[in-house]
Amino acid sequence: MIGIRLACGFLAAGMVATATACAPAAQRATGRVAAVATISNQPSETLSPLFEQRLPNVKGKTFTSAIVDFPPNARAVPHRHGAAFVYAYVLQGTVRSRLAGKPVRTYHQGQNWVEQPGAHHLLTENTSPTKPAKLLVIFISNTGDKLKVNDPPR
């Protein structure tokens with residue numbers, strides 16, 4: 001048991017040392033290095049569900065609303081929403097979006113779009129390097145399905 005704890009301690013220390021050594025110089029100088037290593041230094045979005053309700057008149061379907069926050073320069077990993085029908089409304093900022101087979105579109109505060117079931121969302125990003133963006137997203141999905149499935153890393 002002590003050997004396992006010791007090995008885990010060495011592994012954790014090695015990960016912290018590697019993260020520190022690979023961090024940008026500014027982060028190394030301040031000692032503020034992310035505890036979790038990421039594939040990209042680009043920030044990502046955060047999806048926060050607000051409300052979920054099974055639809056009483058449509059068996060097997062659920063309505064979910066969520067807020068999606070995009071920090072400055074944030075970009076979502078390409079993804080799908082399974083068999084869900086998706087409605088997105090820009091609450092704040094400007095978001096660039098591209099669905100497979102469609103051109104890139106830019107949406108500003110007050111604009112919206114829909115995604116058909118099975119759509120492949122290739123690009124979703126906050127266009128601002130300094131200001132956050134925020135979406136209200138509504139999903140009509142199969143009850144129990146994940147709301148977002150990221151593409152596997154390449």
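User: What makes K148 and E45 a salt bridge, and how far apart are their closest N and O atoms?

Analyst: Happy to walk through it, with the reminder that this is a predicted model. The closest N and O atoms of K148 and E45 are 2.3 Å apart. The cut-off for a lysine nitrogen and a glutamate carboxyl oxygen is 4 Å, so the pair counts as a salt bridge. The two residues come from distant parts of the chain, 103 residues apart: K148 sits in the loop between β9 and β10 (149-150), and E45 in the loop between α2 (25-30) and β1.

User: Why is K148 called partly exposed, and why is E45 called buried?

Analyst: Buried means under 20% relative accessible area and exposed means over 50%, with partly exposed in between. K148 has 24%, so K148 is partly exposed. E45 has 15%, so E45 is buried.

User: How many salt bridges does the whole structure hold?

Analyst: A search finds 4 of them. Among them is D69 with K134, whose closest N and O atoms are 3.7 Å apart. D69 is in strand β2 and K134 in strand β9, so this pair ties together parts that lie 65 residues apart in sequence. With relative accessible areas of 29% for D69 and 27% for K134, both fall in the partly exposed range between 20% and 50%.

User: What makes R75 and E125 part of a network?

Analyst: R75 and E125 form a salt bridge, with closest N and O atoms 2.8 Å apart. R75 belongs to the loop between β2 and β3 (79-80), E125 to strand β8 (residues 120-126), and 50 residues separate them along the chain. Salt bridges with shared partners then join R75, R96 and E125 into one network. As for exposure, R75 is partly exposed at 38% relative accessibility, while E125 is buried at 9%.

User: How do you know that E115 has no salt bridge, and which side chain of opposite charge is nearest?

Analyst: The nearest one is R80, and it is 9.7 Å away. A salt bridge requires a nitrogen and a carboxyl oxygen within 4 Å, so E115 and R80 do not qualify. E115, found in strand β7 (residues 112-115), is nonetheless buried.

User: Which side chains make polar contacts with the side chain of E115?

Analyst: One is the side chain of W113, at 3.1 Å, and another is that of H121, at 2.9 Å. The limit for a polar contact is 3.5 Å, so both distances pass. Leaving aside neighbours within four places in sequence, E115 is in contact with H81, A84, F85, V86, L99 and H121.

User: What does W113 do in the largest nonpolar core?

Analyst: W113 is one of the residues that touch the most other members of this 17-residue core, along with F70, L135, V137 and F139. Strands β2 (61-70), β4 (85-92) and β9 (133-142) each supply at least two residues, and β9 gives the largest share, 4 residues. Beyond four places in sequence, the contacts of W113 include V86, V90, V95 and L135.

User: Why is L55 called partly exposed?

Analyst: Its relative accessibility is 23%, so L55 counts as partly exposed, given that buried means under 20%. L55 lies in the loop between β1 (46-54) and β2. Among the residues L55 touches is I140, 85 residues away along the chain, with 8.9 Å between the two C-alpha atoms.

Conventions. Residues are numbered from 1 along each chain as its sequence is written. This is a predicted model: local features need pLDDT of at least 70, side-chain atom pairs count only at pLDDT 80 or more; totals for chains, interfaces and linings use all residues. Side-chain values use heavy atoms; hydrogens and water are left out. A nonpolar core is a set of buried Ala, Val, Leu, Ile, Met, Phe, Trp, Tyr and Cys residues joined through side-chain atoms within 4.5 Å. Buried means under 20% relative accessible area, exposed over 50%, partly exposed in between (1.4 Å probe, protein chains only). Contact means heavy atoms within 4.5 Å. Lys and Arg count as positive and Asp and Glu as negative; His and the chain ends are not counted. A polar contact is a pair of N or O atoms within 3.5 Å; within protein, one must be able to donate a hydrogen and the other to accept it, and residues adjacent in sequence count only if both atoms are side-chain atoms.
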